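Subject: Structure for you to look at

Hello,

Here is the structure I promised to pass on. Please open it first, then read my notes below.

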Amino acid sequence: MPYLILKDAASFIKFAEEVFDAKVALKEMRDENIIMHAEIKIGDSTLMIAEATADYDPQNAGLFVYVKDADAAFANAM
């Protein structure tokens with residue numbers, strides 16, 4: 001499973017929900033603004049996500065996401 005440590009993890013989750021119809025399976029907060037750990041489902045795949053902090057630098061990755069309609073997903077992303 002990919003584990004992404006991101007700046008503004010909440011925005012990435014919102015993007016994944018809008019573009020890929022991702023579903024939040026788990027979200028644990030460090031406080032009201034910082035996502036300590038989240039898991040989202042895109043189809044049968046799970047991605048784990050956390051907010052970058054002073055102790056954990058951002059760690060991006062290249063992801064391949066398979067969707068039924070690539071053109072529709074691209075249009076949603078735009």
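Strand 4 gives the most to the lining of the largest pocket, with 3 residues. This is a predicted model, so please read everything here in that light. The lining of the largest pocket counts 14 residues in total. Nearest the pocket's centre lie I42, S45, F64, V65 and Y66. The volume of this pocket comes to about 240 Å³.

Now the sheet. It is open and has 4 strands. Their order is 1-4-3-2, and the pairing is mixed. Which strands form the edges? They are strand 1 (3–6) and strand 2 (23–29). Each of these pairs on one side only. From one strand to the next, the twist averages 20°.

Strand 4 covers residues 45–51 and runs parallel to strand 1. The two are joined by 4 bridges. To find this pairing on screen, start at Y3. Opposite Y3, in strand 4, stands M48.

A helix belongs to this picture too. Helix 1 (residues 9–20) packs on the sheet. It touches strand 1, strand 2, strand 3 (35–42) and strand 4. The direction of helix 1 makes about 10° with that of strand 3.

One residue of helix 1 deserves its own note: F15. Is F15 buried, exposed or in between? Its relative accessible area is 35%. Buried would need under 20%, and exposed over 50%. F15 is therefore partly exposed. What does F15 touch, leaving aside residues up to four places away in sequence? The contacts are F20 and A77. D31 is another matter: F15 and D31 are 16 residues apart in sequence, and their C-alpha atoms are 21 Å apart in space.

Last, the charged side chains. How many salt bridges are there? The count comes to 1. The partners are K23 and D21. Their closest N and O atoms are 2.9 Å apart. A salt bridge here needs such a pair within 4 Å, so K23 and D21 qualify. K23 has a relative accessibility of 48%. The cut-off for exposed is over 50%, so K23 counts as partly exposed.

That is what I have on the pocket, the sheet, the helix and the salt bridge. Over to you.

Best wishes

Methods:
Residues are numbered from 1 along each chain as its sequence is written. This is a predicted model: local features need pLDDT of at least 70, side-chain atom pairs count only at pLDDT 80 or more; totals for chains, interfaces and linings use all residues. Side-chain values use heavy atoms; hydrogens and water are left out. Buried means under 20% relative accessible area, exposed over 50%, partly exposed in between (1.4 Å probe, protein chains only). Two strands pair if DSSP finds at least two bridges between them. Axes are lines fitted to C-alpha atoms, for helices over the stretch in contact, and angles run from 0 to 180 degrees between N-to-C directions. Contact means heavy atoms within 4.5 Å. On a 1 Å grid over the protein atoms alone, a cavity is a set of points where a 1.4 Å probe fits but cannot get out, and a pocket is an open set with protein on both sides within 12 Å along at least five of seven lines; lining residues have an atom within 4 Å of a point. Grid points are joined across faces, edges and corners, and a volume is the space filled by probe spheres set on the points.
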